[in-house]
Amino acid sequence: MAVDIVTFGCRLNAFEAEIIRREAEGAGLEDTIVINSCAVTNEAVAQARQSIRKLKRERPSARIVVTGCAAQTQSGMFADMAEVDRVVGNDDKMRASAWRDARDAFDLGTSEKVAVSDIMAVKEMAPHLIDGFARGLPRVFVQVQNGCDHRCTFCIIPYGRGNSRSVPMGAVVDQVRALAERGHAEIVLTGVDLTSYGADLPGSPKLGMLTKQILRHVPELKRLRISSIDSIEADADLLDAIAGDARLMPHLHLSLQSGDDMILKRMKRRHSRNDAIAFCDQVRRLRPDIAFGADIIAGFPTETEEMFSRSLDLVGECGLTFLHVFPYSPRPGTPAARMPQVAGPEIKERAKRLRATGEAALKQRLQAEIGATRDVLIESESQGRTEHYLPVAIAGECVGSVVARRITGSDGERLIA
């Protein structure tokens, strides 16, 4: 058997899974399962542990290697699991040498499990050209940035990913061009803190400049999409690209986290409630049909019912369509874990209300699309996505193509074309 990758968490992990597969198979590993873990919540870590136990029961002869953010931040915990054969650090997993070392350790039967280096010592980011994406896959990701220089009080990810570092623009353009030439219709730029892109590069180019360079130098690219951004860092070139190039999709996912100013301060966020609303208003003037998504945390320490209600209200005030709701969970070592906590049942109840508000907002947007003609990227035999990332029930189309279709209805979860 070859190398199987089980990925948890973000789009960046999904991208990196292809690097892991290439390097691990290139090192000669066989009958190996790699758990590419996430550390953003306690639940994500628990899911990785459960998966490890389940997979070992199903494939007792397989070697199990754990990597990713949780492996970086809690390597000892995974190493103590009898089912785990190796723990590989988050930067190490991108290096061929780490997988050769794992192979050698398995062959020699050495007892040392942990191969995790200091992520904070990593200062540069090597570009990874991927040719392993299956041809015809409609949407693929390109990593342009990693790590984060900010220290939000709830977030463990900087300690799993290290400080911010960027892929040079030329390497990104080359990667996008290669993928477009292979027939991938939509490219998604991804990173941990995407709008910090370029601060560590000569000349300090920003995300907007990178976006314009891609659109200018890869004319064959059909669709470019940007993953989660910090709105307070959005630069003028990025806004100009949103306003002026139809190939840049009218869909932005924002890292908002809360609608209450006091909670935002306690989170150590750099924007206010009014900043978020003003940004959405500004972008909507530039691109009136744009769709916004957002991350919002329910039950952050010290959050009162009144504070939470401002997060609920923010959905309408920003005109959000997609909501990614995180019930707060304390991450060991973060300042928020030492703050007065909201009771668990209250966190769950608030998250439920927030999700219900998000579902209502999505249904409203779906209903408003009826009668419009949209360009639909066909993802599978039964579903596509519009420019605004809205799901469309569709049949009889070629996977990977982009087709103009009139929206005739909605089932409350997807459009019908």
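Buried means under 20% relative accessible area, exposed means over 50%, and partly exposed lies in between (1.4 Å probe, protein chains only). Helices (H or I, at least four residues) and strands (E, at least two) are DSSP runs, numbered from the N terminus.

This is a predicted model, where local features need pLDDT of at least 70 and side-chain atom pairs count only at pLDDT 80 or more, while totals for chains, interfaces and linings use all residues. Residues are numbered from 1 along each chain as its sequence is written, and side-chain values use heavy atoms, with hydrogens and water left out.

**Exercise 1. Work out how well strand β9 is covered, and what sits beside it.**

Step 1. Find β9 at residues 186–190, then check its cover: 5 of its 5 residues are buried.

Step 2. Now split the strand into its two faces. Glu186, Val188 and Thr190 lie on one side, Ile187 and Leu189 on the other, and both sides are covered.

Step 3. Look for the neighbours. Two strands pair if DSSP finds at least two bridges between them. Strand β6 (residues 139–143) runs parallel to β9 and is joined to it by 5 bridges; here Val142 is opposite Leu189. Strand β10 (residues 223–226) is also parallel to β9, with 4 bridges, and Val188 has Arg225 as its bridge partner there.

Step 4. Follow the chain from β9 to β10. Together with helix α8 (residues 207–217), these two strands make a right-handed β-α-β unit. To call a crossover right-handed, point the strands away from the viewer: the path from the first strand over the helix to the second must run clockwise.

**Exercise 2. Trace the chain from β1 to β3 and give the handedness of each crossover.**

Step 1. Start with β1 (residues 3–7), which pairs with β2 in the parallel sense over 5 bridges. Asp4 has Ile33 of β2 as its bridge partner.

Step 2. Go from β1 through helix α1 (residues 11–26) to β2, and you get a left-handed β-α-β unit.

Step 3. Carry on from β2 through helix α2 (residues 42–58) to β3; this crossover is right-handed. β2 and β3 (residues 63–68) run parallel and share 6 bridges, with Thr32 opposite Arg63.

Step 4. Check the cover of β2 (residues 32–37): 6 of its 6 residues are buried. Thr32, Val34 and Asn36 make up one side, and Ile33, Ile35 and Ser37 the other.

**Exercise 3. Is Asn146 buried or exposed, and what does Asn146 touch?**

Step 1. Place the residue: Asn146 belongs to strand β7 (residues 145–146).

Step 2. Read off its relative accessible area, which is 8%, so Asn146 is buried.

Step 3. List its contacts, where contact means heavy atoms within 4.5 Å. Leaving out residues up to four places away in sequence, Asn146 touches Leu12, Glu16, Met125, Arg161, Asn163, Ser164, Arg165 and Val192.

Step 4. Pick out the polar contact: the side chains of Asn146 and Arg161 make one at 3.5 Å. A polar contact is a pair of N or O atoms within 3.5 Å; within protein, one must be able to donate a hydrogen and the other to accept it, and residues adjacent in sequence count only if both atoms are side-chain atoms.

**Exercise 4. Find the edge strands of the sheet that contains β14.**

Step 1. Write down the order of this open sheet of 6 strands: β17-β14-β15-β16-β19-β18, with mixed pairing.

Step 2. Go to the ends. β17 (402–406) and β18 (409–410) each have a single partner strand, so one side of each is left without a neighbour in the sheet.

Step 3. Zoom in on one pair. β14 (residues 373–378) and β17 run antiparallel, joined by 5 bridges, and Leu377 is opposite Val402.

**Exercise 5. Describe the whole chain in a few values.**

Step 1. Count the elements: the protein chain has 13 helices and 19 strands.

Step 2. Compare its radius of gyration, 22 Å, with the 22 Å that the globule rule gives for 417 residues; the two are close, so the chain is as compact as a globular protein of that length. The radius is taken over C-alpha atoms, and the rule is 2.2 Å times the number of residues to the power 0.38.

Step 3. Add the span of the C-alpha trace along its principal axes, about 65 × 55 × 45 Å.

Step 4. Finish with cover: 54% of the 417 residues count as buried.
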